[in-house]
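Trainee: Mind if I quiz you on how the labels for this one were assigned? I'd like to see each value next to its cut-off.

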Amino acid sequence: MMRSLWTSASGMSGQQFTVDTIANNLANVNTAGFKKSRVDFQDLLYQTLRFAGTPVTAGAQIPTGIQVGHGVRPVATVKIFSQGTFRETDNPLDLVIEGDGFFQILLPDGTVAYTRDGAFKKDSEGRIVTSDGFVLEPEIIVPQDAVEVSVGSDGTVSAVLLGDSQPITIGTIELARFVNPAGLRSYGRNLFLATAASGQPIVGQPGMDGFGSIAQGFLEMSNVQVVEEMVNLILAQRAYDANSKAIQASDDMLNTANNLRR
């Protein structure tokens, strides 16, 4: 069987994976805190038919060998953690991180997840939670008689209570960052989980020690650029077409060989 059939098939599979990734990027173009992904590829094994440097006569050797590759495979989907665009919302619990860091979210099983999605809400107990009801870590409870909530750039959360004129501090938001954020595992629900590749979280105060500061009344939108994704989509589609042409050419060659005895 011709190698080119399997080689081109691996190319088509790889480009299909690229299109799948682009589709997910485009589907989340309006998802707050979403980070786009990029597929990295790696060539497969090579069959060596002639080794370079093989002596042929005294004082002469083969300058270049003969190797045939066997295709391509996706080797990584890299999360790009560049800053997304900001959207003003005037909602006091919409928060954005200007710079490095993640909000910490406590999952029901006790695991801490991480997110750039700052679209927070209050639950029935006054706790600051995500859209899925997961609690912001460390927990901050907004008093029931609070008439105004403000969040400082350093993460300090203050509230003005009914009948009072001076705000009181009700908590402080802490951020986490990682040595290798690309090693985080996407959990869905705009959340990431730490892995051995990401390293342990480094927790700190917003605006200090390299952490980004917090802005209230804004949301960080996705960092997906539609035009860039469309260009990538065109390139992937063309590469898919080219690989299918290689399969057709190989099939035509096999058909020609089969008809030699007619």
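Mentor: Sure, surface first: accessible areas come from the Shrake-Rupley method with a 1.4 Å probe, and for residues only the protein chains shown count as cover. The chain's accessible surface is about 14800 Å² that way, 53% of it belonging to carbon and sulfur atoms. Keep in mind that this is a predicted model, where local features need pLDDT of at least 70, side-chain atom pairs count only at pLDDT 80 or more, and totals for chains, interfaces and linings use all residues. Residues are numbered from 1 along each chain as its sequence is written, and side-chain values use heavy atoms, leaving out hydrogens and water.

Trainee: Why is Asp209 called exposed?

Mentor: Buried means under 20% relative accessible area, exposed over 50%, partly exposed in between (1.4 Å probe, protein chains only). Asp209 has 62%, so Asp209 counts as exposed.

Trainee: And what makes Asn190 partly exposed?

Mentor: Its relative accessible area is 27%, so Asn190 falls in between the two cut-offs. Asn190 also has a positive phi of about 65° although it is not a glycine, and Asp209 has one of about 55°.

Trainee: How does the chain's radius of gyration look against a compact globule of 262 residues?

Mentor: The radius is taken over C-alpha atoms, and the globule rule is 2.2 Å times the number of residues to the power 0.38. That puts a compact globule near 18 Å, but the chain has 27 Å. Its C-alpha atoms fill a box of roughly 100 × 45 × 35 Å along the principal axes.
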